[in-house]
Structures are given as C-alpha cells and as structure tokens.
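User: Please take one part of this model and look at it closely, with the charged side chains and their pairing in mind. I would like one connected account, with the cut-offs behind each term.

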Amino acid sequence: AYSLAKKYEITHKTSIDNWVKSYQAEGDNGLLRSRQNKAYSFEYKCAIVQLYLSSELSVKDIAFQENIHNPSMITQWINRYRIAGPDALRNQKKGRKQTLDISNKKNTTVSSENITVNTSSEHVKELESELLKLRIENAFLKELRRLRLEDEAKTRDLPESSAASEDNSN
C-alpha cells in the first residue's frame, strides 16, 4: 500500500487500505462512491453505538461490517451519545427556522386565559434539538473551564517549585 501511495501521490496510505477492504467486502460496488445522503433511523444509530460500546470492534470495522462508507459519521454518533444520551441520535429537522410574520403578531392579542402549550411532535422535536445544542454547549464550556483551571494550577505551581529549589540550594 505504501508503494502505491507513493506512486500515485496519495498522501495517506490508509485510503488504499480502506479501498482494498471495501473491494474485498463488496467487489466493484465497494469502490463506487455513493452520492446519496442516507438517512439512518434512530434505532439503527442506537444499535451501532451500542455495538461499538459493547464490543471491541473499531469504528472502521463497524463501518465496513454495516456498509457505512463514512466511519467518521459513526464517531459523531458516539460522541453525541456520550455527551447528551440516546436522544442526541434522533434525526433533526434541517433548514432555517421559520420566523413569525410581524404583521400577524401585531394583530393578535393573547389573553392569559387562552394560553395553550404547543405539544405537537414537530414543536417537541425543535425543543429537543435546542436542548441538545445547549447540552453540547454546556459540556464544551465545562470542559473549557476545567482546562483553564488546570492550566492556571500548573502555572501557579511552576514559580513556587523554582523558588523552593532556590531555597534548598542555599
């Protein structure tokens, strides 16, 4: 694989290894690049993540076994699952959120007696999506804070240890 990568100026020999595995598993069809975006069900994603967590298979092995041509997608599923749980694997609505029409907003008045809670599945999915994004952001900020505190502790310890070594040398 190394000599082929060098001959054809392919920067990563792992690409050739992946092509060979795909060819061995599926023949000529394994080398065709799919131009379709496959939508995987929530249950399928959960099963793949559970397979990874419960076995000693690598992400690449699972991708080849399940005929998923993009192993990094499985890695994303695993990371989202670890951060926010299984609900993070639900299919999310794509596109821009609708904005309220300002003219309709001015003409409608809402009394406190007529307030109803929108429990439609679409609205619930939007709220779940927003919750997932906030959980991910929260986890990121917590990790950032932890790293900063760790960095500050290291910088605090450095001057003290050098001053202590100077005192011991006298």
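Analyst: Arginine 146 has a relative accessible area of 38% and is partly exposed, a class that lies between buried (under 20% relative accessible area) and exposed (over 50%), as found with a 1.4 Å probe on protein chains only. The model is a predicted one, in which local features need pLDDT of at least 70 and side-chain atom pairs count only at pLDDT 80 or more, while totals for chains, interfaces and linings use all residues. Residues are numbered from 1 along each chain as its sequence is written, and side-chain values use heavy atoms, with hydrogens and water left out.

The side chain of arginine 146 meets that of glutamate 143 in a salt bridge, at 2.5 Å from N to O; the term requires a side-chain nitrogen of Lys or Arg within 4 Å of a carboxyl oxygen of Asp or Glu. These two residues are three apart in helix α7, which covers residues 121-169, and so about one helical turn separates them. Helices here are DSSP runs of H or I with at least four residues, strands are runs of E with at least two, and both are numbered from the N terminus. Arginine 146 also forms a salt bridge with glutamate 150, where the closest N and O atoms are 2.9 Å apart. Glutamate 150 lies four residues from arginine 146 in helix α7, again a separation of about one helical turn. Through these shared partners, salt bridges join Glu143, Arg146 and Glu150 into one network. An α-helix has 3.6 residues a turn, so residues three or four places apart point the same way. Both acidic partners are partly exposed, glutamate 143 at 36% relative accessibility and glutamate 150 at 36%.

A search of the whole structure finds three salt bridges. One of them lies outside this network and pairs the side chains of aspartate 87 and arginine 90, at 3.3 Å from N to O. Aspartate 87 is partly exposed at 46% relative accessibility, and arginine 90 is partly exposed at 35%.

Helix α7 also contributes to a pocket, that is, an open set of points on a 1 Å grid over the protein atoms alone, where a 1.4 Å probe fits and protein lies on both sides within 12 Å along at least five of seven lines. The second largest pocket has a volume of about 490 Å³, taken as the space filled by probe spheres set on grid points that are joined across faces, edges and corners. It is lined by 21 residues, of which Gln92, Lys93, Lys125, Glu126 and Ser129 are the closest to its centre; a lining residue has an atom within 4 Å of a point. The largest share of that lining, nine residues, comes from α7. By class the lining has 12 charged, five polar and four nonpolar residues, where Asp, Glu, Lys and Arg count as charged, Ala, Val, Leu, Ile, Met, Phe, Trp, Tyr, Cys and Pro as nonpolar, and the others, Gly among them, as polar.

As for the setting of α7, the protein chain has seven helices and zero strands, and 14% of its 170 residues count as buried. Among its contacts with a separation of 6 or more, 56% involve residues 24 or more positions apart, a contact being heavy atoms within 4.5 Å.
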